[in-house]
Amino acid sequence: KKALDFAFSEKVRNQDAIGPIVSSCHSVLGREITWNFIKNNWEDVKKKFQGSFLISHVVEYTTGGFIGHDKAQEIEDFFKSNPVPTAERIVRQSLEAIRMNTTWLEKDKEAIKQWLKTESKS
């Protein structure tokens, strides 16, 4: 959270602020913290990146990698209320990936568990 606060401070140039956002999305916990930060500070995010291709990167990195129908719905609802025309395609792709991965996990959860058990013994 401190890194994200710093990234949105006046001390960091707009083009450099993307770095902490991307870096913080590389773990499950970091992705959740970053997504919540982006949602809660959406007006600041728009100010910092609007009119730039970087807003698409923010959307891509903060919405990619989630699992769960609830999370897909949350993201879809957020961007319906807060449209980003330049990132519409990325939002659609993220939602599709979340839903596909969720369906795959639901379908093959037991097989995945078994494979992980077997492979971790090797």
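User: In this predicted model, is Lys71 buried or exposed?

Analyst: Lys71 is buried, with a relative accessible area of 12%, because a residue counts as buried when that value is under 20%. Lys71 is found in helix H6, and what the side chain reaches can be read from the contacts around it.

User: Which residue does the side chain of Lys71 meet in a polar contact, and which residues does Lys71 touch, leaving aside those up to four places away in sequence?

Analyst: The polar contact of the Lys71 side chain is with the side chain of Glu32, at 2.8 Å. Leaving aside residues up to four places away in sequence, Lys71 touches Glu32, Trp35 and Phe66.

User: How should I read the packing of two helices, and what are the angle and the distance for H3 and H5?

Analyst: Two packed helices are described by the angle between their axes and by the distance between those axes. Here helix H3 (residues 28-40) and helix H5 (residues 54-63) pack at an angle of about 135 degrees, and their axes are 9 Å apart, which means that H3 is oblique to H5. On the H3 side the contact is made by Arg31, Thr34, Trp35 and Ile38, and on the H5 side by Val58, Thr62 and Thr63. Sorted by class, this contact of H3 with H5 has 3 nonpolar, 3 polar and 1 charged residues.

User: At what angle do the axes of H4 and H5 cross, and which residues make the contact?

Analyst: The axes of helix H4 (residues 42-49) and H5 cross at roughly 140 degrees and come within 8 Å, so H4 is oblique to H5. Trp42, Val45 and Phe49 of H4 make the contact with Leu54, Ile55 and Val58 of H5. By class, the residues of this contact of H4 with H5 are 6 nonpolar, with no polar and no charged ones.

User: Which residues of H7 are buried, and what covers them?

Analyst: A general idea helps first: an α-helix has 3.6 residues a turn, so residues three or four places apart point the same way. In H7 the buried residues are Ile90, Val91, Ser94, Leu95, Ile98 and Thr102, and what covers the buried residues of H7 includes H5 and helix H6. H7 also bends, by about 70 degrees at Asp108.

User: What surrounds Thr102 in H7?

Analyst: Thr102 lies in helix H7 (residues 88-121) and is buried, with a relative accessible area of 5%. A polar atom of the Thr102 side chain lies 2.7 Å from the backbone oxygen of Ile98. Not counting residues up to four places away in sequence, Thr102 touches Ile67, Gly68 and His69.

Key
Residues numbered from 1 in each chain as written. Predicted model: local features only at pLDDT ≥ 70, side-chain atom pairs only at ≥ 80, totals over all residues. Heavy atoms only, no water. Axes fitted to C-alpha atoms, helices over the stretch in contact; angles between N-to-C directions. Helix = DSSP H or I, 4+ residues; strand = E, 2+ residues; numbered from the N terminus. Parallel < 35°, antiparallel > 145°, perpendicular 65-115°, else oblique. Contact = heavy atoms within 4.5 Å. Nonpolar A, V, L, I, M, F, W, Y, C, P; charged D, E, K, R; others polar. Buried < 20%, exposed > 50% of the residue type's maximum accessible area, 1.4 Å probe, protein only. Polar contact = N/O pair within 3.5 Å; in protein donor to acceptor, adjacent residues only side chain to side chain. Bend = angle between axes of the 7 residues up to and from the residue.
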